[in-house]
Amino acid sequence: MKPLKPVLILAVILIALSFTIPTLLVLPAQNGNISGKLNEEKPVAKKKKVKHQTTKEVAVFRTQTEKIEKLPLEEYVIGVVASEMPAKFELEALKAQALAARTFVVSHLLNASGDDNIPKGADVSDTVSYQVYKNKDELKKLWGKDYKWKYQKVAEAVKETEGEILTYDKKPITAQFFSTSNGYTENAEDYWKNQIPYLKSVKSPWDSDSPEFISQKALSISDFEQRLGVSIGSQSDIGTIISRTSGKKVASVKIGGKEFTGREIREKLDLRSTDFSWVRKGDSIIVTTKGFGHGVGMSQYGANGMAKEGKNYQDIVNHYYQGIAITQVNQFFDKKLAMK
């Protein structure tokens with residue numbers, strides 16, 4: 001065997017040292033005291049929205065059968081939302097309606113002192129005197145083949161807002177709602193006389209897309225005169241609007257020497273809203289109205305328009321009810337029980 005050449009021996013020694021020296025440099029550090037280390041931040045788990053299950057029951061007087069139907073609060077709210085708002089509406093609009101419906105009945109349950117219009121043992125009836133309510137069997141008949149998806153959608157809206165109500169100054173609000181505005185909602189005092197801080201006039205431009213936005217009604221001259229107790233005869237002067245509300249509706253109008261509020265005209269002529277005008281055509285008065293309903297609180301078609309633009313139910317209720325908070329309902333029932 002031939003002896004290794006000096007160059008080859010030197011190369012082998014250098015390669016060996018290249019592996020050994022880094023190890024020697026690191027090893028002393030392993031034997032010393034650690035004064036710090038590289039940390040890793042752990043991702044923060046998102047808090048899940050806590051849903052407080054409500055066990056309160058509602059006793060509904062069914063006007064057709066004249067029986068009292070008792071059911072859980074949330075099931076009652078499903079039946080109200082399904083009856084008061086079209087299920088085809090956006091989910092966020094249905095959620096806003098769920099809050100309004102739940103708030104209405106909770107306020108009534110907390111403050112009711114007896115009602116002569118419903119039998120003893122009932123909390124509410126199933127009519128517009130309270131809120132329209134239909135149970136599952138009635139909804140199946142009403143919706144037919146669309147029952148499954150419509151019910152699931154409404155139930156989802158109620159479930160996702162379970163136990164939530166609208167409050168002002170730590171009390172449930174009067175959660176008024178209506179179908180369609182004329183582009184503005186109404187101050188409570190302009191329709192009911194009583195000022196309510198959270199029921200203020202706000203813009204609602206989305207309502208112009210509602211099929212209920214414009215409507216017309218024809219009345220004979222004699223019917224018009226009889227309903228209002230006026231005489232206009234054949235004269236061309238058939239009334240003058242004297243003032244309007246903050247919501248651009250008729251506040252007062254003078255006809256045949258008599259003055260009426262917009263609400264009085266609406267009720268006497270059975271009109272859809274207090275934003276009205278009319279013309280005389282032959283022997284008839286043609287009345288045009290804009291909007292549908294009293295105009296106070298949440299516009300349902302307005303809520304749907306907001307939802308279509310990407311607004312959520314919190315945005316919707318905070319727009320139509322000024323300065324309110326969303327609060328869990330159980331604390332109110334717990335407080336009432338504690339006071340007994």
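Strands β11 and β12 (residues 284–290) pair up in the antiparallel sense, over six bridges; pairing here takes at least two DSSP bridges between two strands, and strands (E, at least two residues) and helices (H or I, at least four) are DSSP runs numbered from the N terminus. Within this pair, F276 sits opposite T289 of β12. This is a predicted model, in which local features need pLDDT of at least 70 and side-chain atom pairs count only at pLDDT 80 or more, while totals for chains, interfaces and linings use all residues. Residues are numbered from 1 along each chain as its sequence is written, and side-chain values use heavy atoms, leaving out hydrogens and water.

The wider picture is an open sheet of three strands, ordered β7-β12-β11 with antiparallel pairing. Its edge strands, β7 (214–220) and β11 (276–281), each pair on one side only. On average, neighbouring strands are turned by 20 degrees against each other, direction ignored; axes are lines fitted to C-alpha atoms, for helices over the stretch in contact, and angles run from 0 to 180 degrees between N-to-C directions.

Two helices meet this sheet. Helix α7 (residues 221–228) lies across β7, β11 and β12 and runs at about 95 degrees to β7. Helix α8 (residues 262–269) packs on the sheet too, touching β7 and β11, with its direction at about 55 degrees to that of β11; contact means heavy atoms within 4.5 Å.

Elsewhere, helix α3 (residues 91–111) packs with helix α5 (residues 147–159) at about 60 degrees, their axes 8 Å apart. L91, L94, K95, A98 and R102 of α3 make the contact with K153, E156, A157 and V158 of α5.
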